[in-house]
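This report concerns the salt bridges and surface features of one protein model. Please consult the sequence and structure shown below.

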Amino acid sequence: MSSSDEFRDHPDAIIELTRRDLEDIIEGAARRGAEQALKEVGLDTTSAGDDVRELRSLLNAFRSVKSTALDTVVKSLTMTFLLILGIGVSAKLGLFGGLPKP
């Protein structure tokens, strides 16, 4: 009878493990879980590291473009407001030769 058969026959039996044995079991389970998770998302190949670096690079580029676009929109709105304000002040002062001052 093998030891695995013995454990099946006595599922409530107390098993003694050294700390090192327990750490090895946990490390093995963690490694298998990580490998399975990477496999499920398609990152189990040797080029996975390159893929992740490329994705990070694309994400950084997207963030940069988003930030620049937001800055441009804010600057454009500010300049438009200042232009309208300037036109209004100029018209009020009669610099366009429009209506005579009262």
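Is Arg20 buried, partly exposed or exposed? Arg20 is partly exposed, with a relative accessible area of 46%; buried means under 20%, exposed over 50% and partly exposed in between, with a 1.4 Å probe and protein chains only.

The model is predicted: local features need pLDDT of at least 70, side-chain atom pairs count only at pLDDT 80 or more, and totals for chains, interfaces and linings use all residues. Residues are numbered from 1 along each chain as its sequence is written, and side-chain values use heavy atoms, with hydrogens and water left out.

Helix α2 covers residues 19-40; helices are DSSP runs (H or I) of at least four residues, numbered from the N terminus. The structure holds five salt bridges, each a side-chain nitrogen of Lys or Arg within 4 Å of a carboxyl oxygen of Asp or Glu. The table lists salt bridges including that of Arg20 with Asp24.

| Pair | Closest N to O |
|---|---|
| Glu23 and Arg19 | 3.7 Å |
| Arg20 and Asp24 | 2.4 Å |
| Glu27 and Arg31 | 3.6 Å |

Arg20 and Asp24 lie four residues apart in α2, about one turn of the helix. Glu27 and Arg31 are separated by about one helical turn because they are four residues apart in α2. Arg19, Arg20, Glu23 and Asp24 are linked in a network of salt bridges. Within this network, Arg19 is exposed at 68% relative accessibility, whereas Glu23 is partly exposed at 35%.

In helix α3 (residues 48-93), Phe81 is exposed, with a relative accessible area of 55%. Ser90, also in α3, is buried at 18%.

Conventions:
Helices (H or I, at least four residues) and strands (E, at least two) are DSSP runs, numbered from the N terminus. The expected span of a helix is 1.5 Å times one less than its number of residues.
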